[in-house]
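Me: I'm new to reading protein structures and would like to practise on one. Could you go through it with me, one question at a time?

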Amino acid sequence: MDVAATAVRSPAMVLGRPINGSSFARFGSNIRFSTKLRCTSLSIPKQGRRRGLVVRASSSSSESSESSAKIAPLQLESPVGQFLSQILINHPHLVPAAVDQQLEQLQSDRDADQQKEEPSASDTDLVLYRRIAEVKANERRKALEEILYALVVQKFMDANVSLIHSIAPDPSGRVDLWSNDDGKLEQLHSLEAYEMIQNHLSLILGNRAGDLTSIAEISKLRVGQVYAASVMYGYFLKRVDQRFQLEKTMIPLPNETEENSVHQTTMDNARPSSEKDTSQVMSHPEVSTWPGGDVSPGGFGYGIKATRLRNYVMSFDGDTLQRYATIRSREALSIIEKHTEALFGRPEIVITPEGAISKDENIKISFGGLKRLVLEAVTFGSFLWDVESYVDSRYHFVLN
């Protein structure tokens, strides 16, 4: 098995069993963060060009200098996004108040549009009316996405953690010369959640978890998929940990003996007992996408430590686990896709007689750098759950 297969293991197997049809499986097997996504920008009043891949801040006294600072990989393009960009750079502590103000305006605009009656005129007027309403709805959705993103970035700034700006090699070919904020990122999670994150890291790094200085050449596209799937895992983990922490304060949870019994039952059910079972494991989309298609010889969950939170999650029925593993809003899913593409870039598309394929490239990254990348991704997903819940409490947009 090559280094890439050793380094990049399936990020969705942290629970010891596949989540059939879940967001993890769909994302891991189908996502092409550089080709699937379509990022269309809205026109910005009184601006004749799009902003660059930096967040620019300007004031009436310094517009000529046009000072800029890159604080996140994804550019904010809507008027609301540009406004929040300036606040993020100049007055980050004011972002929540500014967001509340923007959400009130979005709510007022939505209420006003809903109260309007469709014209009873010609078909042409009706089509035009509906088209205008559609454009306004798309503008609000774009603003909402960028509000969510700005809040996530602000939470990283509050934690004094710098987001990785891009995965671009230096002259030596290395891409992981960013600061080591592992300790800060670890402290942003509960003890039980971090135990789950350690299991997640063990599955991705494999036997190199204790050798973080070694350098490996890994497919950039695969690392991007690991990053995106880890964001989704962090979102899922924060969701179940929030429920776990709440239930801990309200009802008694299983004692250690009961937890060990649940874990043993899970491992027995997860361990392949026949050639047929092994075939089902190997064909799981999260496994087949990685180079070599390998899983640990013990099957799903092999080598994963039993933790209270993991045993708690394993007590969920299939429908509950499916629901918790699904991103609730299309705005949040869009942010994950766009953020990942902004971070890893858009690889070249090559047209062959067999069809269009992505021209991949290998990057040099240490296992310590890969760990830092995954920790950031998990934390990004955790923050995304927080801000999505916060925004939805003020401007309802989550459908499930």
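Reply: Happy to; the questions below go through a predicted model, starting with its largest pocket.

Me: How much space lies in the largest pocket?

Reply: Rolling a probe the size of a water molecule over the atoms shows where empty space is left. In this model, the space in the largest pocket comes to about 460 Å³.

Me: Which residues are closest to the centre of that pocket?

Reply: The largest pocket is lined by 21 residues. They divide into 9 charged, 8 nonpolar and 4 polar. The ones closest to the pocket's centre are Arg110, Ala137, Asn138, Arg140 and Tyr395.

Me: Which element gives the most residues to the lining of the largest pocket?

Reply: Three elements give two or more residues to this lining: α4 (95-115), α5 (123-158) and α14 (330-344). The one that gives the most, with 9 residues, is α5.

Me: How far is the charged end of arginine 110 from the centre of the ring of tyrosine 395?

Reply: You have met both residues already, since Arg110 and Tyr395 are among those closest to the centre of the largest pocket. The charged end of arginine 110 sits over the ring of tyrosine 395, and its distance from the ring centre is 3.9 Å.

Me: What distance separates the end C-alpha atoms of α14, and what span should its residues give?

Reply: Let's work it out for α14, which has 15 residues. At 1.5 Å a residue, counting one less than the number of residues, α14 should span 21 Å. The end C-alpha atoms agree with that, being apart by 21 Å.

Me: How many of the residues of α14 are buried?

Reply: A residue counts as buried when its relative accessible area is under 20%. In α14 the buried residues include Glu331, Ile335, His339 and Phe344. The helix is largely enclosed by the rest of the structure, because the number of its 15 residues that are buried is 12.

Me: What is the phi of glycine 345?

Reply: Glycine 345 comes just after α14. Its phi is positive, at about 85 degrees.

Me: Is asparagine 160, with its positive phi, buried or exposed?

Reply: Asparagine 160 lies in the loop between α5 and α6 (182-186). Its phi is near 60 degrees, a positive value in a residue other than glycine. The cut-off for exposed is over 50%, so at 55% relative accessibility asparagine 160 counts as exposed.

Me: What kind of aromatic pair do tyrosine 233 and phenylalanine 236 form?

Reply: The whole structure holds 9 aromatic pairs, and this one has its ring centres 6.2 Å apart with 35 degrees between the planes. The two residues are 3 apart in helix α8 (residues 220-250), so about one helical turn separates them. Planes under 30 degrees apart would count as stacked and over 60 as edge-to-face, so this pair is tilted.

Me: What are the relative accessible areas of tyrosine 233 and phenylalanine 236?

Reply: Both values fall under the 20% cut-off for buried. For tyrosine 233 the relative accessible area is 0%, and for phenylalanine 236 it is 1%.

Me: What kind of pair do the rings of tyrosine 235 and tryptophan 385 make?

Reply: Tyrosine 235 lies in helix α8 and tryptophan 385 in helix α15 (residues 367-392), so their pair ties together parts that are 150 residues apart in sequence. Both residues are buried. Their ring centres are 5.5 Å apart and their planes are at 85 degrees, so the pair is edge-to-face.

Me: How far apart in space are aspartate 392 and leucine 103?

Reply: Aspartate 392 lies in helix α15, and at 18% relative accessibility it counts as buried. Along the sequence, aspartate 392 and leucine 103 are 289 residues apart, yet in space their C-alpha to C-alpha distance is 9.8 Å.

Me: What distance separates the C-alpha atoms of leucine 201 and lysine 371?

Reply: Leucine 201 belongs to helix α7 (residues 191-205) and is buried, with a relative accessible area of 6%. Although leucine 201 and lysine 371 are 170 residues apart along the chain, their C-alpha atoms are separated by 6.9 Å.

Terms used: Residues numbered from 1 in each chain as written. Predicted model: local features only at pLDDT ≥ 70, side-chain atom pairs only at ≥ 80, totals over all residues. Heavy atoms only, no water. 1 Å grid on protein atoms, 1.4 Å probe; cavity = no way out; pocket = protein on both sides within 12 Å on 5 of 7 lines; lining within 4 Å. Points joined across faces, edges and corners; volume = space filled by probe spheres on them. Helix = DSSP H or I, 4+ residues; strand = E, 2+ residues; numbered from the N terminus. Nonpolar A, V, L, I, M, F, W, Y, C, P; charged D, E, K, R; others polar. Buried < 20%, exposed > 50% of the residue type's maximum accessible area, 1.4 Å probe, protein only. Phe/Tyr/Trp six-rings, centres within 6.5 Å; stacked < 30°, edge-to-face > 60°. Lys NZ or Arg CZ within 6 Å of the ring centre and 35° of its normal.
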